[in-house]
Amino acid sequence: MISSHFLERPGVRLRYEVRGSGPLLVVTGAPMAAAEFAALADALAGDHTVVTHDPRGISGSVLDDPAEDSTPELRADDLAAILDALGAESADVFGSSGGAVTGLSLVERHPSRVRTLVAHEPPCVELLPEAAEQRAAVDDIIETFHRDGIGAAFAKFMANAGFDQPAGPPGEPSEQDMADGARFLAHELRGTTRYVPDVAALKAAPCRIVVGIGAESGRLLTHRTSVALAGLLGTEPVEFPGDHGGFMGGAEEFAGVLRKVLAG
């Protein structure tokens, strides 16, 4: 059984879902909405209470000001507020891509709220030797969006990320897909990729941080950012099935690995 909830926060009405029973696990993405994690959440709901959500400005989480930028810090505070609404002191957190950045920020800002963070392929490009070039590439993608539209911008985004072809479900994108994509390009991409992990704060936090990397992600930019982050934290990355979106193509297998990681 899945229950849907709304939480009023300053400037935003957040939508989140709860399913299953057992230890609390928050699953978060950015810009990916709750629906993209449904298969993974279902696979974990037999032994976890799984919380998924639409990040601010995405899908059902509607902003008062649509022009407001999304930052890891704002999204982290949103997760803390959802935990408050659930009456939960802490939770395990699985974050993928921009959601992994959100999870890292959550540990920095609210360290006592996280038991284990699994940060799956965070795009922490500021950790790379070519960080300046990556900043320029992101700026160019955003400028391309404003000048030439979403298709041209996503083509550049996917190429820079290392994908051979556009990711996502087959078929024509829905109106909501287009709105979420535009939101990501105009108001989220820069803030997420400009995030610089506070390594000292992360290492000092009372929680465990695990960096996840897809077994098939060797060609991707996020493989290198994940290796860099794990190195700074003094840990070894954990391999997960598939690539950057491995939780979508093989949810049961992915959930099995995540379950073992969370069990320590």
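Biologist: Let's start with a proline: which loop is Pro31 found in?

Modeller: In this predicted model, Pro31 is in the loop between β3 and α1.

Biologist: What joins Ala30 and Pro31, and what is omega there?

Modeller: Ala30 and Pro31 are joined by a cis peptide bond, with omega about 10°. As background, most peptide bonds are trans.

Biologist: Staying with β3, why is this strand described as largely enclosed by the rest of the structure?

Modeller: Strand β3 covers residues 24-28, and five of the five are buried, so the description fits. Both faces are covered, too: Leu24, Val26 and Thr28 are buried on one side, and Leu25 and Val27 on the other.

Biologist: How do you know that β3 pairs with β4, and do they run parallel or antiparallel?

Modeller: Pairing takes at least two bridges. Strand β4 (residues 49-54) has four bridges to β3, and the two run parallel. If you want to click on one, the bridge partner of Leu25 in β4 is Val50. Between the two strands the chain passes through helix α1 (residues 38-44), making a right-handed β-α-β crossover.

Biologist: And what makes β3 and β6 a pair?

Modeller: The reasoning repeats: the cut-off is at least two bridges, and β3 has four to β6 (residues 91-96), again running parallel. Here Leu25 stands opposite Asp92.

Biologist: On to Asp78 in helix α2. Why is Asp78 called buried?

Modeller: Buried means under 20% relative accessible area. Asp78 has 2% relative accessibility, so it counts as buried.

Biologist: What makes the link between the side chains of Asp78 and Arg9 a polar contact?

Modeller: The cut-off for an N or O pair is 3.5 Å, and this contact is 3.2 Å, so it falls within the limit. Beyond its neighbours within four places in sequence, Asp78 is in contact with Arg9, Val12, Leu14 and Arg56.

Biologist: What makes the largest nonpolar core, and which residues have the most contacts inside it?

Modeller: To belong to a core, a residue has to be buried and of a listed type, and be joined through side-chain atoms within 4.5 Å. The largest such set here has 37 residues, and Leu104, Val107, Leu117 and Ile209 have the most contacts inside it. Helix α2 (residues 72-86) gives the most, with six residues. There's a second, separate core of 18 residues, including Leu40 and Phe94. In general, nonpolar side chains in soluble globular proteins tend to be buried together.

Biologist: What is Val107 in contact with, once its neighbours within four places in sequence are left aside?

Modeller: Val114, Leu117, Leu202, Ala205, Cys207 and Ile209.

Biologist: That list has Cys207 in it. How do you know that Cys207 and Cys124 are not bonded through their sulfurs?

Modeller: A disulfide needs sulfur atoms within 2.5 Å. The closest cysteine sulfur to that of Cys207 is in Cys124, 15 Å away, so that is too far for a bond. The structure holds zero disulfides.

Biologist: Are Cys124 and Cys207 buried or exposed?

Modeller: Against the cut-off of 20%, Cys124 is buried at 1%, and Cys207 is buried at 12%.

Biologist: Helix α9 next: why are Ser226 and Ala230 called buried?

Modeller: Ser226 has a relative accessible area of 0%, so it is buried. Ala230 also comes out buried, at 0%. Leaving aside neighbours within four places in sequence, Ser226 is in contact with Glu121, Pro122, Val211, Gly212 and Ile213, while Ala230 is in contact with Val211, Thr235 and Pro237.

Biologist: What is notable about phi at Ser59 and at Ser97?

Modeller: Both values are positive in residues other than glycine: phi is near 50° for Ser59 and about 60° for Ser97. For context, most residues other than glycine have a negative phi. Ser59 lies in the loop between β4 and β5, and Ser97 in the loop between β6 and α3.

Biologist: Why is Ser59 called partly exposed, and why is Ser97 called buried?

Modeller: Partly exposed lies between the 20% and 50% cut-offs. Ser59 has 31%, so partly exposed is the right label. Ser97 has 18%, which means it is buried.

Terms used: Residues numbered from 1 in each chain as written. Predicted model: local features only at pLDDT ≥ 70, side-chain atom pairs only at ≥ 80, totals over all residues. Heavy atoms only, no water. Buried < 20%, exposed > 50% of the residue type's maximum accessible area, 1.4 Å probe, protein only. Contact = heavy atoms within 4.5 Å. Polar contact = N/O pair within 3.5 Å; in protein donor to acceptor, adjacent residues only side chain to side chain. Right-handed = clockwise from strand over helix to strand, strands pointing away.
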